[in-house]
Amino acid sequence: MTAIAFEPHSTRARRRRIAGVVYRDLAAMRRSPIRVFEILFWPVIELVVWGYVTLFLQANKVPFVVSMLLGAVLLWQVLHRASNEVAIGFLEDVWSRNLINLHVTPVTAGEYVTGLVLFSLIKIAGGLAVMVTLAYVLYGFGLFTVGIGLIPFMAVLLVLGWALALVAISAVLRFGEGAQVVAWSLVFVFQPVAGVFYPVSVLPEPLQWLAGAVPASHVFEGMRAVLGGAPVPWDTLAVAAALDVGYVAAALWLYGATLRHARSKGRLSRFGE
Amino acid sequence: MAILEAQSLTKRFGPVQAVDGVDLSVGEGEITALLGPNGAGKSTTLHMLLGLVTPDSGRVSMFGLDLQKHRTEVLSRVNFSASYLGLPGVLHVREVLNSFARLYGLRDPRRRVAEVAELLEIGPLLKRRTSDLSSGQHTRVQLGKALLNDPELLILDEPTAALDPDAGERIRNLLVSVARETGTALLITSHNMLEVERMCDTIHFLAAGRIVASGSAAELAAHFGVVDLEEVFLKVAREGVPA
């Protein structure tokens, strides 16, 4: 009676370990109706509230508001959920005092994060499917009117959300469980300068400079341009993608450095107490 | 060749010298205990051996591989169980074990989970949530998790702390048979001196982060001029490091 394992550095072993993270989270979701409920609850609430606000504004002859605000709500959810879902996946290991069990397995930090990211994609896809359907049924807004640009728009926001999640995870590793508030709130720090619901041009000039360094601002500006009839601004998207690369690189560096620091200071052990 | 070699491990947390020059060697099939009063440095030592804590100085190698440089290879051949660790409470026991079997890169997770469940007699628990388990059942599931990858080195922090005497005895017998039959090396900490006397080939006493005495239970009792390990423990804990 022996356990037969793949060679630890083989691709199959890596895939199997990442699948272990995804399997665990999927099983947890299956066992907890609350988790399924929360995939839908906030996105639906936001969609309904903002949807009726836009209908009210439209009735008062404010042009373009339905498509632009609903598009903003839907794309904001992509960023928000990408950040939260990955951070929550990590926090669930903290809450259940399972983090040490994970860190003594052969799973690498990269494989663990990859598993969390893949699971977040599944949850985001589910939540978004419901929102897109509701937006069409309730308000006649088809997100796909954004066209082919929708894919890079979403990709930029997803990657930014994952980078922010890594920063939140790093904060918890560095400062302990009390820092979990960062996981819930970090994405909102970016909201004012991301130009989600208004053009960046309405911001004061210093904030406009800041907005230029936030990938999400280029996405929301681009979305408004496309919904206003302009072609997809690929040059702006390229800038956003380049910024994303910088954000991810910085977040990965921070995560690695924080993990090393946590091991050095014995903080990782405290997550088992 | 030793399964585990630790040389001159030291770790300081602020003003506290948690571990101070610990040398350890554990051979194939050997059962070794690390004993000492609370705060002696046992858990910090175990956590350094598992890569959870980076030593300030010293070196850990297992199977001839340096832990820092070969983390993935080493950890795929080691496992750990501690009574203070949790498991995802919402999951069924089968799902927890299936997920860990994947995390250890096993080819056939379901088959291995079934084997471990039979070995630890936790089959009836497989469809229960881990949050619904008693502490004794939880310990058995943690041990099941720790046996999934058929480890060559099993590190156990208080393996029977939450078990009743009957369950504790059965787990001890199981662990001894695993060590003797498969050659798995065991490194345990425990505050149950009788357990250590019965199970362990070699015992290291830690006090103030240093190993102050090593040997079999009988050798240690003779060395300290007492009748059993319990008295050795009390002597070390109350009188400090002997000259």
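Val200(A) is buried, with a relative accessible area of 10%. That value comes, like everything below, from a predicted model. As for where Val200(A) sits, the residue belongs to the loop that runs between α7 (181–194) and α8 (205–212) of chain A. Its partners, once neighbours within four places in sequence are set aside, are Gly195(A), Gln208(A), Ala211(A), Ser217(A), Glu221(A) and Arg224(A). There is also a C-alpha to C-alpha distance to report here: Val200(A) and His218(A) are 9.1 Å apart in space and 18 residues apart in sequence.

Moving from one loop residue to the nonpolar interior, the largest nonpolar core counts 169 residues, and Phe90(A), Leu49(B), Ile203(B), Phe205(B) and Leu229(B) have the most contacts inside it. Helix α6 (residues 150–175) of chain A supplies the largest share of this core, 17 residues. On the chain B side, domain 1 (1–77 + 151–243) and domain 2 (85–150) both give residues to the core, so it lies between them. Ile203(B) makes a handy example of how such a residue is surrounded. Leaving out neighbours within four places in sequence, Ile203(B) is in contact with Ala33(B), Leu35(B) and Val196(B), with the run from Ala213(B) through Ser214(B), Gly215(B) and Ser216(B) to Ala217(B), and with Leu220(B) and Leu229(B). Leu229(B) is itself one of the residues with the most contacts inside the core.

Next comes the interface of the two chains. Here 45 residues of chain B are in contact with 41 residues of chain A. Together the chains bury about 3900 Å², and carbon and sulfur atoms account for 59% of it. Within the area that chain B buries against chain A, Leu52(B), Leu103(B) and Arg107(B) supply 18%, more than any other three residues. On the polar side of the ledger, the rule finds two salt bridges across this interface. Glu95(B) and Arg30(A) meet through their side chains in a salt bridge, at 2.9 Å from N to O. There are also 19 residue pairs in polar contact across the interface, both residues being at pLDDT 80 or more. In terms of elements, two or more residues on the side of chain B that touches chain A come from each of β1 (4–13), α2 (71–75), α3 (93–103), α4 (109–119) and α5 (135–147) of chain B. Of these, α3(B) gives the most, with six residues.

Chain B also has an interface of its own. The domain assignment splits chain B into domain 1 (1–77 + 151–243) and domain 2 (85–150), and their centres, taken over C-alpha atoms, are separated by 25 Å. Contacts between the two involve 15 residues of domain 1 and 13 residues of domain 2. The domains bury about 1100 Å² between them, with 70% of it on carbon and sulfur atoms. In domain 1, the residues that lose the most area to domain 2 are Pro151(B), Ala162(B) and Leu174(B), together 38% of what that side buries. The rule finds one salt bridge across this interface. A salt bridge joins Glu121(B) and Arg170(B), whose closest N and O atoms are 2.9 Å apart. The count of residue pairs in polar contact between the domains is two, with both residues at pLDDT 80 or more. On the domain 1 side, β7 (153–157) and α6 (165–182) of chain B are the elements that give two or more residues. The largest share of that side, five residues, comes from α6(B).

Two further residues of chain B round out the picture. Thr189(B) lies in strand β8 (residues 185–189) and counts as buried, at 0% relative accessibility. Its side chain makes a polar contact with the side chain of Asp157(B), at 2.4 Å. Not counting residues up to four places away in sequence, Thr189(B) touches Leu34(B), Lys42(B), Leu46(B), Leu156(B), Asp157(B), Glu158(B) and Pro159(B). Leu67(B), by contrast, is in a loop, the one between β5 (65–66) and α2 of chain B. Leu67(B) has a relative accessible area of 2%, so this residue is buried. Gly51(B) is 16 residues away from Leu67(B) along the chain, with 7.2 Å between their C-alpha atoms. Beyond its neighbours within four places in sequence, Leu67(B) is in contact with Met48(B), Leu49(B), Leu50(B), Gly51(B), Val60(B), Ser61(B) and Val74(B).

Technical notes:
Residues are numbered from 1 along each chain as its sequence is written. Chains are lettered from A and ligands numbered from 1 in the order in which they are written. Side-chain values use heavy atoms; hydrogens and water are left out. A nonpolar core is a set of buried Ala, Val, Leu, Ile, Met, Phe, Trp, Tyr and Cys residues joined through side-chain atoms within 4.5 Å. Buried means under 20% relative accessible area, exposed over 50%, partly exposed in between (1.4 Å probe, protein chains only). Helices (H or I, at least four residues) and strands (E, at least two) are DSSP runs, numbered from the N terminus. Domain bounds come from an automatic or database domain assignment. Contact means heavy atoms within 4.5 Å. Buried area is the accessible area (1.4 Å probe) that two parts lose on being put together, summed over both. A salt bridge is a side-chain nitrogen of Lys or Arg within 4 Å of a carboxyl oxygen of Asp or Glu. A polar contact is a pair of N or O atoms within 3.5 Å; within protein, one must be able to donate a hydrogen and the other to accept it, and residues adjacent in sequence count only if both atoms are side-chain atoms.
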